[in-house]
Amino acid sequence: MATLRNLKIKTSTCKRIVKELKSYEKEVEREAAKTADMKEKGDDPYDLKQQENVLAESRMMIPDCRKRLEAALADLKGTLAELESSNQKEGPEIDDAGSTIAEVEQLFQETDD
């Protein structure tokens with residue numbers, strides 16, 4: 001049985017994962033710039049290799065985060081649909097969940113283009 005409390009928790013989970021995803025994307029940009037700068041300066045090959053490893057690890061986190069976000073979004077949609085079918089169609093939690101779903105779907109559309 002879906003409750004408003006469950007809906008609120010699942011909405012917060014989606015929001016947290018979106019923040020995490022954006023953070024990883026910024027980290028990849030930062031690390032890529034640092035790696036390019038090190039290559040340009042001709043830094044020590046060992047240091048450069050370590051920096052490339054850091055960049056690779058950061059890049060690996062993005063697909064993982066996207067998978068978790070997809071799962072959380074599906075869970076949120078299911079809970080919202082269950083609540084709506086039990087005649088709870090309005091309220092701040094419902095509105096927040098709807099806007100979060102729209103935001104996450106927009107994010108997926110932007111990255112798929």
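A residue counts as buried when its relative accessible area is under 20%. Keep that cut-off in mind, because T11 has a relative accessibility of just 2% and so counts as buried. You'll find T11 in helix α1.

Before going further, remember that you're looking at a predicted model. The protein chain has an average pLDDT of 91, and 98% of the residues score at least 70. Confidence is highest in helix α1 (residues 4-41), with a mean of 94, and lowest in helix α3 (residues 92-112), with a mean of 88. Why bother with these scores? Because predicted coordinates should not be read in detail where pLDDT is low.

Now let's follow α1 along its length. Its 38 residues, at 1.5 Å each, should span 56 Å, and the C-alpha atoms at its two ends are indeed 56 Å apart, so the two values agree. Which residues of α1 are buried? They are L7, T11, C14, I17, V18, L21, Y24, V28, E31, T35 and M38. The cover over these buried residues includes α2 and α3. Just past the end of α1 comes G42, which takes a positive phi of about 75°.

Go back to T11 for a moment and look at what surrounds it. Leaving out residues up to four places away in sequence, T11 touches L76, D96, A97 and T100. L76 belongs to α2, while A97 and T100 belong to α3.

Next, pick out S58, which lies in helix α2. Is S58 buried or exposed? Its relative accessible area is 3%, and the cut-off for buried is under 20%, so S58 is buried. If you again skip residues up to four places away in sequence, S58 touches E27, V28 and E31. Two of those names should look familiar: V28 and E31 are among the buried residues of α1.

Finally, turn to how α2 and α3 pack. The axes of α2 (residues 45-85) and α3 come within 10 Å and cross at roughly 145°. That crossing is left-handed. On the α2 side, the residues that meet α3 are R66, L69, E70, L73, L76, K77, L80, L83 and E84. On the α3 side, their partners are I94, A97, G98, T100, I101, V104, E105, L107, F108, T111 and D112. What kinds of residues make up this contact? They divide into eleven nonpolar, three polar and six charged. Notice that L76, A97 and T100 appear in this contact, and T11 of α1 touches L76, A97 and T100 as well.

Conventions
Residues numbered from 1 in each chain as written. Predicted model: local features only at pLDDT ≥ 70, side-chain atom pairs only at ≥ 80, totals over all residues. Heavy atoms only, no water. pLDDT = per-residue confidence, 0-100. Helix = DSSP H or I, 4+ residues; strand = E, 2+ residues; numbered from the N terminus. Axes fitted to C-alpha atoms, helices over the stretch in contact; angles between N-to-C directions. Left-handed = near helix turned anticlockwise from the far one by under 90°. Contact = heavy atoms within 4.5 Å. Nonpolar A, V, L, I, M, F, W, Y, C, P; charged D, E, K, R; others polar. Buried < 20%, exposed > 50% of the residue type's maximum accessible area, 1.4 Å probe, protein only. Expected span 1.5 Å × (residues − 1).
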